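This report goes through selected local features of one protein chain. Please look at the sequence and the structure before reading on.

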Amino acid sequence: MNLNQVTVPSLDLERSIPFYEKLGLKLIVKSLPHYARFECPDGKSTFSIHQTDELPQGEGIYVYFECEDLDQKMESLIELDVEFYMKPKNQPWLWREARLKDMDGNLIILYYAGENRLNPPWRIN
């Protein structure tokens with residue numbers, strides 16, 4: 001089994017699509033006003049957004065995109081007016097993370113974990 005895609009809700013796809021394109025995702029399906037799908041620049045995963053009348057309550061959805069060049073990626077996104085609420089920071093779980101929110105408040109975490117992504121010291125064998 002392999003993860004194909006993650007889908008997040010959006011109140012307005014026309015506002016959301018440019019945000020995800022700025023992150024570097026390639027738009028491959030545009031079925032407005034209900035659905036849009038993107039191809040991730042690395043690997044074979046896709047990411048999509050779907051129109052909803054109401055957003056989830058509570059902490060919402062967390063989406064992680066791994067970037068080997070995290071600090072440089074963040075700087076290039078800031079130049080495109082993407083706002084981060086947490087700049088790259090080393091976390092206790094051995095990942096370096098930067099955090100931002102999309103147009104609908106979905107939490108987007110850009111991170112770099114390297115070998116620790118699949119093989120942290122506490123991995124169960």
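## A buried aspartate and other local features

Asp102 sits in the loop that connects β7 (96-101) to β8 (107-112). The model is a predicted one. Asp102 is buried but takes part in no salt bridge. The nearest side chain of opposite charge belongs to Lys101 and is 8.7 Å away, whereas a salt bridge requires the charged atoms to be within 4 Å.

Which backbone nitrogen does the side chain of Asp102 reach at 3.0 Å? It is that of Gly105. A polar atom of the Asp102 side chain also lies 2.8 Å from the backbone nitrogen of Asn106. Once neighbours within four places in sequence are left aside, the residues in contact with Asp102 are Val8, Phe19, Tyr20 and Ile108.

### Cysteines

How many disulfides does a search of the whole structure find? The number is 0. For Cys40, the closest cysteine sulfur is that of Cys67; a bond is ruled out because the two sulfurs are 10 Å apart, and a disulfide needs them within 2.5 Å. Cys67 is likewise in no disulfide, with the sulfur of Cys40 as its nearest, 10 Å away. Cys40 is buried, at a relative accessible area of 14%. Cys67 is buried too, at 9%.

### Backbone geometry

Most residues other than glycine have a negative phi, and most peptide bonds are trans. Against that background, the peptide bond between Leu32 and Pro33 is cis, with omega at about 5°. Pro33 is placed in the loop between β2 (26-31) and β3 (35-39).

Positive phi values occur in Asp81 and in Leu94, neither of which is glycine. Their values are set out below.

| Residue | Phi | Loop | Relative accessible area |
|---|---|---|---|
| Asp81 | near 70° | between α2 (70-79) and β6 (86-90) | 64% |
| Leu94 | near 75° | between β6 and β7 | 37% |

Asp81 is classed as exposed, while Leu94 is classed as partly exposed.

### Annotated span

According to the UniProt record, an unreviewed entry, the annotation "domain: VOC" covers residues 2-113. In the model, the C-alpha atoms at the two ends of residues 2-113 are 20 Å apart. Helix makes up 19% of this span and strand 40%.

Notes
Residues are numbered from 1 along each chain as its sequence is written. This is a predicted model: local features need pLDDT of at least 70, side-chain atom pairs count only at pLDDT 80 or more; totals for chains, interfaces and linings use all residues. Side-chain values use heavy atoms; hydrogens and water are left out. Helices (H or I, at least four residues) and strands (E, at least two) are DSSP runs, numbered from the N terminus. Buried means under 20% relative accessible area, exposed over 50%, partly exposed in between (1.4 Å probe, protein chains only). Lys and Arg count as positive and Asp and Glu as negative; His and the chain ends are not counted. A polar contact is a pair of N or O atoms within 3.5 Å; within protein, one must be able to donate a hydrogen and the other to accept it, and residues adjacent in sequence count only if both atoms are side-chain atoms. Contact means heavy atoms within 4.5 Å. UniProt positions are given in the numbering used here, feature names are shortened, and annotations may be inferred rather than shown by experiment.
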